[in-house]
Each structure stands twice: as structure tokens, then as C-alpha cells.
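Work through the exercises below with the sequence and the coordinates at hand. Each task is followed by a solution in steps.

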Amino acid sequence: MGNCHQCFEGFGRPAKKDGFKVCICGGATSVGQQLALLMATNSMVKELSVYDLEGSSVPAEGVAADLSHLEFPCRVKAYALPGQARPAKDLPPNCLEGCSLVLVAAGIPRRPSQSKRDLMHINGNMCKMVVEACAKRCPEAIVGLIVNPINSVVPAMARSGLY
């Protein structure tokens with residue numbers, strides 16, 4: 001993580017001397033929590049938004065509270081979206097505005113009886129909502145998708161024309 005500055009250089013916004021703002025969508029999931037920890041301990045990150053749905057097994061507020069106790073200068077803020085909200089306009093605007101990096105670790109895992117098509121429908125729609133919100137609120141941001149089925153979700157979002 002020491003060379004993270006080089007990772008951001010040349011992509012999206014130019015490297016900032018005062019640090020980057022990062023958002024983890026699905027920040028209360030097991031993968032999202034680990035990403036949030038890595039980002040919060042990175043000296044290049046000045047602000048971290050932990051975003052997830054209300055009613056998650058681990059609330060986004062709890063993840064942010066835990067990370068706020070770390071001895072790092074990163075400000076950690078939690079954002080929760082009501083479970084029934086779906087359109088991109090329902091995403092909290094402050095969580096994405098000014099972001100240089102948005103990592104999407106949300107979605108549901110594939111169930112044994114579930115087809116890949118059904119999984120793509122559910123997780124693809126969720127990704128579309130986040131990508132639309134990013135296109136509106138942080139169009140310069142790098143968006144990293146960690147959503148199954150990844151080999152279908154990533155090309156679908158790339159073809160969406162939003163990015």
C-alpha cells in the first residue's frame with residue numbers, strides 16, 4: 001500500500017497532496033469491511049465513506065465507529081440507505097461527492113439453486129444504481145467492482161455508457 005500514490009496517478013483526478021476521498025459501497029459486508037480497514041489505514045486517504053443498506057447484519061455506523069478509533073488521520077463517515085430505496089437519486093449525495101475512488105463490494109452471493117442469469121439480474125441492477133450515482137456525483141472517480149458474477153457485471157457496466 002505504500003505506493004498507492006502511484007496507483008492513483010494518471011487515473012481520474014490528478015494526485016492530491018491533501019489526500020483522497022474513497023467510498024466503499026457495501027462497506028458492512030465481510031469484503032467491504034476489509035477494504036474499509038485497508039483504506040482507512042492508507043496515508044493517502046483523507047476521508048472514507050462506508051456505505052451500506054439499513055438493516056445489514058453489521059450496520060455501516062458500527063464499521064465507521066470501529067475504524068474511527070484507529071490512530072490514522074482518515075475521517076470515516078457512515079451512510080445507510082433504506083432497504084426499499086433503489087433509484088440512484090436515493091443514494092446519499094455526500095457519500096459520493098468528491099470521491100476519487102469508489103469500491104463496490106455489495107450484492108448477494110449466489111445460492112446453490114440460483115442461476116447465473118438471476119444473480120446477474122439482482123447484482124447487475126444494484127451495480128447499475130451505484131454506477132449511475134457515481135456518474136452523477138463523482139464522474140472523475142475510479143470505480144472498482146467486486147460483484148458476482150464479475151465476468152458479466154464489469155462488461156455490462158462498461159457498456160452502459162455511464163463511464
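Two strands count as paired if DSSP finds at least two bridges between them. The model used here is predicted.

**Exercise 1.** Find which strands pair with strand β4 and in which sense, and name a residue pair across each pairing.

Solution. Start with strand β1 (residues 20-25): 4 bridges join β1 to β4, and the two run parallel. Across this pairing, cysteine 23 stands opposite valine 102 in β4. Next take strand β5 (residues 142-145), which pairs with β4 in the parallel sense, also over 4 bridges. Here valine 104 stands opposite leucine 145 in β5. Finally, follow the chain between these two strands: β4, helix α5 (residues 116-137) and β5 form a right-handed β-α-β unit.

**Exercise 2.** Sort the side chains of β4 (residues 101-104) by direction and state whether they are buried or exposed.

Solution. In a regular strand, side chains alternate between the two faces of the sheet. Leu101 and Leu103 point one way, Val102 and Val104 the other. All of these residues are buried.

**Exercise 3.** Count the disulfides and check cysteine 95 and cysteine 138.

Solution. The cut-off is a sulfur pair within 2.5 Å, and the count comes to 0 disulfides. For cysteine 95, the nearest cysteine sulfur is that of cysteine 23, 3.8 Å away. Cysteine 95 counts as buried because its relative accessibility is 1%. For cysteine 138, the closest cysteine sulfur, in cysteine 134, is 4.1 Å away, which is too far for a bond. Cysteine 138 is also buried, with a relative accessible area of 0%.

How values were computed:
Residues are numbered from 1 along each chain as its sequence is written. This is a predicted model: local features need pLDDT of at least 70, side-chain atom pairs count only at pLDDT 80 or more; totals for chains, interfaces and linings use all residues. Side-chain values use heavy atoms; hydrogens and water are left out. Buried means under 20% relative accessible area, exposed over 50%, partly exposed in between (1.4 Å probe, protein chains only). A crossover is right-handed if, with the strands pointing away from the viewer, the path from the first strand over the helix to the second runs clockwise.
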